[in-house]
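Thanks for coming. I will walk through one model today, going from a helix pair to the wider picture.

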Amino acid sequence: MVEALFWPAFLGYGEAALAYASARTSRAATWGVRLGWLAQTALLAAQAARAGGFPWTSWSGSLDLFVWLVVAAYLVWGCRPRFRLLGLAVMPPAAALFLVARLDGGIAAAGRARYSSVFLVLHVGFVLAAFAGFTLAAALASLYLWEEGRLKRRAPDILRLRLPPLQSLERLTRRTIAVSLPLLTLGLAAGIVRLREDGSPLDALEALTLATWALYGGVLLARPAGRRGAYLALGGFALVVVARLVLSAGHFA
Amino acid sequence: MTSLSLVGLSHHVAPVELRERVALDVEAAAALARSVGDAVCLSTCNRTEVYVAGDDAAPAAGALERLAGEPLDGVLYRLHDEAAAVHLFRVAAGLDSLVPGEAEILGQVREALDAAEPGPLLGRVFRQALAVGKRVRAETAIGESPASVSSAAAALAAQVFGELEGRRVLLVGAGRIGALAAGNLASRGAEIAFVANRSPQAARRVADRFAGEAVGLDELPRALAAVDVVVASTGAPGVVLRAAEVPERRRRPLFFIDIAVPRDLDPAIGGLDGCFLYDIDDLEAVVAETLAGRRAEAARAEQLVAEEAERFRTWRASLDVVPAIASLRAYAEQIRAGELAKLGDRVSERERRTLESVTQQILNKLLHVPTVRLKEAAAGADGASYADAVRHLFGLDDG
C-alpha cells in the first residue's frame with residue numbers, strides 16, 4: 001500500500017523532467033516537481049512510520065532518500081522560471097535514480113537497521129543532504145560553464161535562451177556548497193565517532209567522503225572564481241557520484 | 001447603438017516627413033480629440049490615429065489634413081467597429097509597431113486615454129486595449145529581448161553581472177554612438193566612471209554629462225583596473241587597446257563592447273580568462289536573433305488579440321439586447337411595486353419590509369435565466385429575434 005505512493009511521485013518527477021524542455025510548459029513542470037516531492041515525502045514518512053525509525057540504510061533505500069533531498073534542495077534554491085534549464089539538468093536524473101531505487105527494492109525496503117535512528121539521521125541523513133546540495137551545486141556549475149561558453153563564443157541566441165546571469169550562477173554555486181559542507185562535516189563527524197567506538201578502520205567510501213570534504217572545504221577557502229570554481233564543483237561532484245553509486249553498497253552491511 | 005470609427009495614418013503608409021507634420025504631444029492630441037467630439041487621439045512618432053464614438057470620422061480626418069497641410073487621400077486609413085477595436089488592440093500589444101513588441105506604445109495608449117475624456121464606448125475599448133497590451137507582454141516573450149545595438153550591449157552586460165547597479169563603466173571615445181550605449185548602461189544603474197579620449201575637451205564634455213572622470217588614452221590601464229564594462233567607440237584607424245594591455249583579473253569578469261568601425265579592441269581580448277568581447281557584428285547578430293524571436297512570439301500574441309476581439313464582439317452584441325432586458329426588468333418591477341402598494345395599511349412596516357425583500361428575490365430569480373439566455377443569444381446570430389420575442393410576449397415597448 002505504502003509503495004503505491006511511488007507512482008504519483010514518479011509521475012510528478014517524470015512530468016517535470018519532460019516539461020522543463022519547453023519554456024511554455026515549465027510552469028506545469030514546476031507543479032510536477034512540487035506534487036511529486038509531496039508524494040515522495042508522504043512515501044518516506046510512511047516508510048519511517050512503518051519501520052519505527054530510520055529505514056534508508058540500504059543502497060537503494062538511501063538512493064530514495066537522496067533523490068528526495070536533491071529535489072528538496074532544487075525546490076528551495078532553483079525552482080524559479082529563469083532556472084528552467086536547471087530543472088532540466090536536475091529532474092531527469094532525479095526521476096531516473098528514483099526509478100532505479102524502486103527497481104532495486106529501495107521503496108519497499110523498510111527494515112529496522114542495527115544502528116540507532118539518531119545516529120542514522122545524523123550520519124546518513126546529513127551526508128545525503130550534503131551530497132544532494134553538492135549535486136545541485138554541480139548542476140549550477142554546469143549551467144555556468146555552458147553560459148560562459150556561449151558568452152565567449154558570442155552565440156547570437158544568448159538573449160533568446162536566457163539563463164540567470166553568470167555571477168548569480170557563481171554565487172549560487174558557492175552558497176550551495178557553503179550550506180552543504182557543514183552538513184557533510186556533521187555527518188562525517190557522527191560516522192567517525194561511531195567508527196572509533198567500534199574500532200573499525202576507514203573503508204573506501206569513508207576515505208573518499210573525507211577527500212570530498214577536503215575538496216569542497218578547499219573550494220570554500222580559496223574561493224576560486226569563474227571557470228576554475230565551476231570545474232572544482234564538478235570535480236567534487238564526480239567524487240560524490242563514485243561515493244553514492246559505486247562505493248556505498250554494503251557500507252552498513 | 002453607438003458605433004466606433006477610426007481614422008489615422010502610420011509608418012505603414014506615411015513617410016516620416018508626413019508623420020512629423022501630424023505628430024502631436026499629449027495635450028495637443030487631447031485638444032484635437034475634444035474638437036471632434038467623443039474621441040481619443042493617439043499620436044506617437046510612428047502614428048497619429050483618432051478614435052471616434054460614432055459613424056462620422058470626417059471631422060477627425062479634416063483635422064489631420066489641416067495638420068498635414070495637404071489632402072491625405074490614399075494615406076489615411078479608416079476602420080469601423082470591430083475592425084477599429086482590433087486595430088487598437090494590435091497597436092497596444094505592439095504588433096503594429098516598427099519593432100514588434102516595443103514597450104513604449106502601451107504607455108502612450110494610456111496617456112492618450114488619460115488625457116482625453118472619452119464616453120463609455122471609447123473608455124471601454126481603450127481599457128480593454130490596455131489589458132490586451134499587458135496580457136500580451138505577460139503571456140508571451142515578445143517584449144523581453146532588446147531591439148537595438150545599444151540595448152543589446154546593456155542586456156549582455158546584465159547577462160554577465162546580473163544587476164548593473166554599481167557596476168563601473170569605462171567609455172573609450174567621446175562620440176555619439178558610444179554615449180548612447182553608455183546612456184543605456186547608466187539607465188540600468190551602471191556608473192560611467194571614466195571617459196577616455198584623445199581630445200581631453202571632448203572627454204570632459206561627455207564625462208560631465210555622466211558625472212564621470214575624463215582621462216587620456218595613456219591612462220587606460222589604470223581605468224581598466226577599476227571598471228567592469230568597457231565601451232569602445234573611437235574613430236581611431238587602428239586598435240586602441242591590445243590584449244597584452246588588459247590587466248589580469250582573477251575574480252571579476254570584464255565585459256568589452258566594441259562598437260567602433262574599424263574596431264578599437266584587439267579581438268584576442270575575447271580569449272582572455274574572465275574577459276568577454278562583443279563587436280558591432282556580434283551585437284547586430286544578437287539583435288537580429290532577438291527580433292526573429294519577437295516575430296515568432298508575435299504569432300502567439302495575434303492569437304491573444306483574436307481572443308480579446310471575440311470578447312469585444314460578445315460585449316458589443318450583448319448591447320443589442322440590453323434595452324429589451326432593461327424594459328423587461330422595469331415591467332416586472334412596476335408590477336411588483338404596484339401589487340405591494342395595493343396592500344396599503346393592511347400590513348405593518350416590518351411585514352412590508354419582509355414582503356419587499358421576498359418579492360425582490362422572487363423577481364431576481366425569475367428574471368435571472370431569461371437575462372442570461374438573452375445575453376447568450378445576443379452573442380450568436382439570433383439576439384435580435386430573441387429580444388423581439390421578449391418584447392412581444394410581455395408587451396414591452398422600449399423603442
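**Helix pair in chain A**

Helix 6 of chain A crosses helix 7 of chain A in the left-handed sense. Bear in mind that this is a predicted model. The two helices, helix 6 and helix 7 (residues 204–222) of chain A, pack at about 145 degrees, and their axes are 10 Å apart.

Which residues of helix 6 of chain A meet helix 7 of chain A? On the helix 6 side they are Ile177(A), Ala178(A), Leu181(A), Leu184(A), Thr185(A), Leu188(A) and Gly191(A). Their counterparts in helix 7 of chain A include Glu206(A), Thr209(A), Trp213(A) and Tyr216(A). By class, the residues of this contact divide into 10 nonpolar, 4 polar and 1 charged.

Just along the chain is Arg223(A), in the loop between helix 7 and helix 8 (226–247) of chain A. Is Arg223(A) buried or exposed? Arg223(A) is exposed, because 11 other C-beta atoms lie within 10 Å, and the cut-off for exposed is 12 or fewer. Arg223(A) also lies 8.1 Å from Arg174(A), C-alpha to C-alpha, with their positions 49 residues apart in sequence.

Now chain A as a whole. Chain A has 8 helices and 0 strands, so to speak an α-α-α-α-α-α-α-α run from the N terminus on. Of its 253 residues, 47% count as buried. Take the contacts in chain A between residues at least 6 apart in sequence: 82% of them join residues at least 24 apart.

**Where the chains meet**

The contact between the chains takes 14 residues from chain A and 24 residues from chain B. On the chain A side, helix 5 (117–152) and helix 6 (166–198) each supply at least two residues. Helix 6 of chain A gives the largest share of that side, 3 residues. By class, the chain A side has 7 nonpolar, 3 polar and 4 charged residues.

**Cores**

In soluble globular proteins, nonpolar side chains tend to be buried together. Here the largest nonpolar core has 134 residues, and the members that touch the most others are Ala157(B), Val169(B), Leu170(B) and Val230(B). The largest share of this core, 19 residues, comes from helix 5 of chain A.

What does Val169(B) touch, not counting residues up to four places away in sequence? Its contacts include Ala182(B), Leu185(B), Ile192(B), Val227(B), Val229(B) and Val231(B), with Glu191(B) also among them. Apart from the largest core lies another, of 50 residues, among them Tyr51(B), Phe89(B), Leu122(B) and Val305(B).

**A sheet in chain B**

Tyr51(B) leads to the last topic, as the bridge partner of Val40(B) in strand 3 of chain B. The sheet is open, with 4 strands in the order 2-3-1-4 and antiparallel pairing. Why is one side of strand 2 (39–43) and of strand 4 (77–80) of chain B left without a neighbour in the sheet? Both stand at the edges and have a single partner strand each, so one side of each has no neighbour in the sheet. From one strand to the next, the twist averages 15 degrees.

Strand 2 of chain B pairs with strand 3 (residues 47–53) of chain B over 5 bridges, in the antiparallel sense. Helix 6 (residues 120–139) of chain B packs on this sheet, where it touches strand 1 (4–10), strand 2 and strand 3 of chain B. The direction of that helix makes about 135 degrees with that of strand 3 of chain B.

That is where I will stop.

Terms used. Residues numbered from 1 in each chain as written. Chains lettered and ligands numbered in written order. Predicted model: local features only at pLDDT ≥ 70, side-chain atom pairs only at ≥ 80, totals over all residues. Contact = placed C-beta atoms within 7 Å. Nonpolar A, V, L, I, M, F, W, Y, C, P; charged D, E, K, R; others polar. Core = buried A, V, L, I, M, F, W, Y, C linked by C-beta atoms within 7 Å. Buried ≥ 20, exposed ≤ 12 C-beta atoms within 10 Å, placed from the backbone. Pairing = 2+ DSSP bridges. Axes fitted to C-alpha atoms, helices over the stretch in contact; angles between N-to-C directions. Left-handed = near helix turned anticlockwise from the far one by under 90°.
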